[in-house]
2 protein chains.
Amino acid sequence: MTLRDFSTSLDALSINTATVRRQRGAEVPLTHIIDQCAALGIGAISPWRDQVAAVGLDQVAQQLRALGMGLSGYCRGGFYPATDRAGLQAALDDNRRAVDEAKTLDAPCLVLVVGSLPGALDGRAAHKDIARVRDEVRDGIAATLEYARGVGMPLAIEPLHPMQAADRACINTLEQALDVCDELDPGRSGALGVAVDVYHVWWDPKLAQQIARAGHERLLAYHVCDWLTPTRDLLSDRGMMGDGVIELKKIRGWMEAAGYSGHAEVEIFSQRDWWQRGGDETLATCIERHRSVV
Amino acid sequence: MTLRDFSTSLDALSINTATVRRQRGAEVPLTHIIDQCAALGIGAISPWRDQVAAVGLDQVAQQLRALGMGLSGYCRGGFYPATDRAGLQAALDDNRRAVDEAKTLDAPCLVLVVGSLPGALDGRAAHKDIARVRDEVRDGIAATLEYARGVGMPLAIEPLHPMQAADRACINTLEQALDVCDELDPGRSGALGVAVDVYHVWWDPKLAQQIARAGHERLLAYHVCDWLTPTRDLLSDRGMMGDGVIELKKIRGWMEAAGYSGHAEVEIFSQRDWWQRGGDETLATCIERHRSVV
């Protein structure tokens, strides 16, 4: 099995726009990020809903079309759990809007960060019942899936690192995500799959096995960055590819052996390092590392 | 299934001495910690090797005997991986000494924090091959087990949270730990098992299933604290039981249903909170929470 050659082309590179959403410490509008990427020959991005909303959905769609720029995914749906029926319904409504936006932007999938204990993100968990939120998440994905199938927008469940189990996502391993996929889409229709982010799954002793289990139909997105030692923050201390301990080519090898042929999307939250640098420097480094170590 | 009643007795309470190793920000000798625990009616501790060494093994053994104080475990063996044969051998030698010390202190088990990428703890990983260190760890446990069987000291593998997979332990789920147990001790002899620390495993969707799989013979230790939201440090921002989101009674119920009847050992690393308080306040709070929420 030979890896695809990333050294001679940027065809497989995508930039998750969170990577450069702050430049020299300041928030940067999506329109500027898109222009920066285009100027450097980057052909795909994965934007966040709040960044799109700040500019306007139609304007972003128009800019992307004008530049011939594609998406590797759209961030993000999910955050299903709530304390009451009205909250659960509001999440479903919001996820339908996310599906529609993804469709307008011609994204290949909507990435789902599924949510967890309501209120935990603000330090005030309304309850501790993780089995309950896992049930709510499954039901929420099922409802969104029904709508998304009609629209033709695949959903990619992103298992998040166990250190984010309380506040951001109660789906924490690839195995768990694939169990949900098998329950809700037993026919492997392509409508439901996973986003494999190396940061969240690199440690998993069952990773190779579960990537193989996922197979081509379920592998909808692949995100790269690196795990730093030490890691100083649970959310925003990710490393640039090559600067940490993740075996990037080994994992990509497993992905490609399972049939994945999509983008390697760079997603780096880095409050203390990359978000303090200029965006062009960060993007140039992404390109260099994409060619050499991804 | 009714839980053991912790509200009326401290028989099941043990204090991991790391919980009060710093008091009002300063390191405190083990002899003082032992006296503090005894004065409060606490009948068991789990001390760390460096704390024991600072006082002297025989003196600690004598103090424990004089007070009629028992151990719930001894912290810790492990840290097997190394870059060369001499390093691997040095780790095995050190683990034999740890077994002997545990025996001298009459510990019910030696807890193993197995180690991971050599050098990662100092921010300079010598390599990134996590499969290699997992093999080295299995071989190291096998060698220590052979020695420990002869001495009659059970080994308890402690799976560590995946956020510590790079630097402290490459065994990161209870399932993975039990797979090693099954490989090295298929007869479930009692010589090899696991230490279940809620902080490391609470997030695991397979936790109940794997605790049941472990069963009485493999469940050698049970550690409690809590997961705070937000968590501000990957190592030393653990919460006091009841202050976070872990379902402590539910997990203890699974342990007891599987046949566990040992201590609930309080192990809290808390640089910003409990280590800044007085030891008596911390210990009194441990007692109160043991009675009410553990």
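A crossover is right-handed if, with the strands pointing away from the viewer, the path from the first strand over the helix to the second runs clockwise. In this predicted model, strand E7 of chain A, helix H5 (residues 130–151) and strand E8 form a β-α-β unit of that hand.

**Around strand E7 of chain A**

Strand E7 covers residues 110–113 of chain A. Its pairing with E8(A), residues 155–157, is parallel and runs over 3 bridges. Within that pairing, A:Leu110 stands opposite A:Leu155. Strand E6 (residues 74–78) of chain A also pairs with E7(A), again in the parallel sense, over 4 bridges. There, A:Gly77 has A:Leu112 as its bridge partner. E6(A) and E7(A) are linked in a second unit: together with helix H4 (residues 85–104) of chain A they make a right-handed β-α-β unit.

Chain B has a matching entry for E7 and E8. The table lists three strand pairs.

| Strand pair | Sense | Bridges |
|---|---|---|
| E6(A) and E7(A) | parallel | 4 bridges |
| E7(A) and E8(A) | parallel | 3 bridges |
| E7(B) and E8(B) | parallel | 3 bridges |

In chain B, B:Leu110 stands opposite B:Leu155 in E8(B).

**Side chains and core**

Which way do the residues of E7(A) point? A:Leu110 and A:Leu112 point one way, while A:Val111 and A:Val113 point the other way. All four are buried. In a regular strand the side chains alternate between the two faces of the sheet.

A:Leu110 also belongs to the largest nonpolar core, which has 184 residues. The residues with the most contacts inside that core are A:Leu110, A:Val194, B:Leu110 and B:Val194. In soluble globular proteins, nonpolar side chains tend to be buried together.

A:Val194 touches residues from several parts of chain A, leaving aside those up to four places away in sequence. Among them are A:Ala156, A:Ile157 and A:Pro159. Its partners also include A:Leu174, A:Ala177, A:Leu178 and A:Cys181. A:Ala214, A:Arg218, A:Leu219 and A:Leu220 are touched as well. A:Ala156 and A:Ile157 fall within the residue range of E8(A).

**The sheet of chain B**

In chain B, an open sheet of 9 strands has parallel pairing. The strand order is E5-E4-E1-E11-E10-E9-E8-E7-E6. Its edge strands are E5 (70–71) and E6 (74–78), each pairing on one side only.

**Two exposed or partly exposed sites in chain B**

B:Ala26 is found in strand E3 (residues 26–27) of chain B. Is B:Ala26 buried or exposed? B:Ala26 is exposed, because 9 other C-beta atoms lie within 10 Å, and the exposed class takes 12 or fewer. In sequence, B:Ala26 is 252 residues from B:Gly278. In space, their C-alpha atoms are 9.9 Å apart.

B:Asp129 is found in the loop between strand E7 (110–113) and helix H5 (130–151) of chain B. B:Asp129 has 16 C-beta neighbours inside 10 Å, so it counts as partly exposed. B:Leu117 is 12 residues from B:Asp129 along the chain, and their C-alpha atoms are separated by 7.5 Å.

**How the chains meet**

A turn of 180 degrees, with a shift of 0.0 Å along the axis, lays chain B on chain A with an RMSD of 0.0 Å. That is the relation of a two-fold axis.

In the interface, 23 residues of chain B are in contact with 23 residues of chain A. The side of chain B that touches chain A has 13 nonpolar, 6 polar and 4 charged residues. Since 100% of the interface residues of chain B are also interface residues in chain A, the copies meet through the same surface.

How values were computed: Residues are numbered from 1 along each chain as its sequence is written. Chains are lettered from A and ligands numbered from 1 in the order in which they are written. This is a predicted model: local features need pLDDT of at least 70, side-chain atom pairs count only at pLDDT 80 or more; totals for chains, interfaces and linings use all residues. Copies are superposed by least squares on the C-alpha atoms of residues with pLDDT of at least 70 in both. Two residues are in contact if their C-beta atoms, placed from the backbone, lie within 7 Å. Ala, Val, Leu, Ile, Met, Phe, Trp, Tyr, Cys and Pro count as nonpolar, Asp, Glu, Lys and Arg as charged, and the others, Gly among them, as polar. A residue is buried if 20 or more other C-beta atoms lie within 10 Å of its own, exposed if 12 or fewer, and partly exposed in between; C-beta atoms are placed from the backbone. Two strands pair if DSSP finds at least two bridges between them. A nonpolar core is a set of buried Ala, Val, Leu, Ile, Met, Phe, Trp, Tyr and Cys residues joined through C-beta atoms within 7 Å.
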